[in-house]
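This report addresses the aromatic side chains of one protein model. The sequence and structure are shown first.

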Amino acid sequence: MKKIGFLSFGHWSPSPQSQTRSARDVLLQSIDLAVAAEELGADGAYFRVHHFARQLASPFPLLAAVGARTSRIEIGTAVIDMRYENPLYMAEDAGAADLIGGGRLQLGISRGSPEQVIDGWRYFGYTPDEGQSDADMARHHTEVLLNVLKGEGFAEPNPRPMFPNPPGLLRLEPHSEGLRERIWWGSASNATAIWAAQRGMNLQSSTLKEDETGEPFHVQQAKQIRLYREAWKEAGHAREPRVSVSRSIFALVNDRDRAYFGHGKDGDQIGFIDNMRAIFGRSYAAEPDRLIEELKADEAIAEADTLLLTVPNQLGVDYNAHVIEAILKHVAPALGWR
């Protein structure tokens, strides 16, 4: 068995070819797709966060709305860029969204990816300390977030407050019990996967990572997951960790599927991101029988307990629901995922 969810980047464009022509379209359709995915039996609705872009940005209103409209499906991000975040305010927002959703929030966070503007986090009021990088700042924000999510008091109460206080130091409210164990770190390297394990975060590994060995993407990603699990065990955490991988997977079951995705490239690709040599994993698009055989050979999918299907959100809710249903119906049972 494997949890299967969708991951939407929330693109919108005024183009007549797009079904999401405004930010409002993306937000409302994201909610509708989560509802449809839950009805189809999918396990998760995840959303990417990008700033200064025609994509989903501020995630917590959306997560809360999805939580209010659904009852079972996991609700998450993959990922929130921690360079931009006030971790205390974020803890309040996350706690509220998690309580609205009944404890279903799966919060994916990360150092972030290259953005639309130069050092965009500076416009949000954040600057790395002397001698620190923006990645160091993201990790510091993360450490603060993880600490306050424990729910322990840390703030000195006012001796003459407007409202009565409970005894002792005060914590942030609202606090959602268990959310600390549902924080995920989006990792593009072996080293940051180990760092995440040591701090008790679940692991999200996407469709790209640092090319550290020259091997195929899925092989490198599977090794990253094994290193993460070894580090988790060495850290002595009491619970079992969770690991997700993202993939673009399309079962070609009708002519529309073939027209959209029947002519794509099959292989991994190499590129450079922030001066890092990166390997980008292949997309999968084939008739179900062939697709099943191809996916059997993906070592990283086999290692993960959760699979996030990246969806072409600009094609609209109905088509994206079809994409999800095709995997759940024609592919997942044959692979033992259902």
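The sections below describe aromatic ring pairs, their place in the chain and their exposure.

## Basis and overall count

The model is a predicted one. In it, 9 aromatic pairs are counted. Two of these pairs and one cluster are treated below.

## The pair Phe6 and Phe47

The ring centres of Phe6 and Phe47 lie 5.8 Å apart, and the ring planes meet at 85°. Because an angle over 60 degrees counts as edge-to-face, this pair is classed as edge-to-face. Phe6 belongs to strand E1 (residues 3–8) and Phe47 to strand E2 (residues 44–47); with their positions 41 residues apart, the pair links distant parts of the chain.

Phe6 has a relative accessibility of 0% and therefore counts as buried. Phe47 is buried as well, at a relative accessible area of 2%.

## The pair Tyr260 and Tyr319

For Tyr260 and Tyr319, the distance between ring centres is 5.2 Å and the planes stand at 70°, so this pair is also edge-to-face. Tyr260 is located in helix H7 (residues 255–261), whereas Tyr319 is located in helix H10 (residues 317–330). The pair therefore ties together parts that are 59 residues apart in sequence.

The exposure of each tyrosine is as follows. Tyr260 counts as partly exposed, since its relative accessibility is 39%. Tyr319, with a relative accessible area of 4%, is buried.

## An aromatic cluster

Four residues, Phe52, Tyr84, Tyr123 and Phe124, form one aromatic cluster.

How values were computed:
Residues are numbered from 1 along each chain as its sequence is written. This is a predicted model: local features need pLDDT of at least 70, side-chain atom pairs count only at pLDDT 80 or more; totals for chains, interfaces and linings use all residues. Side-chain values use heavy atoms; hydrogens and water are left out. Rings of Phe, Tyr and Trp (its six-membered ring) pair if their centres lie within 6.5 Å; planes under 30 degrees apart count as stacked, over 60 as edge-to-face and the rest as tilted. Helices (H or I, at least four residues) and strands (E, at least two) are DSSP runs, numbered from the N terminus. Buried means under 20% relative accessible area, exposed over 50%, partly exposed in between (1.4 Å probe, protein chains only).
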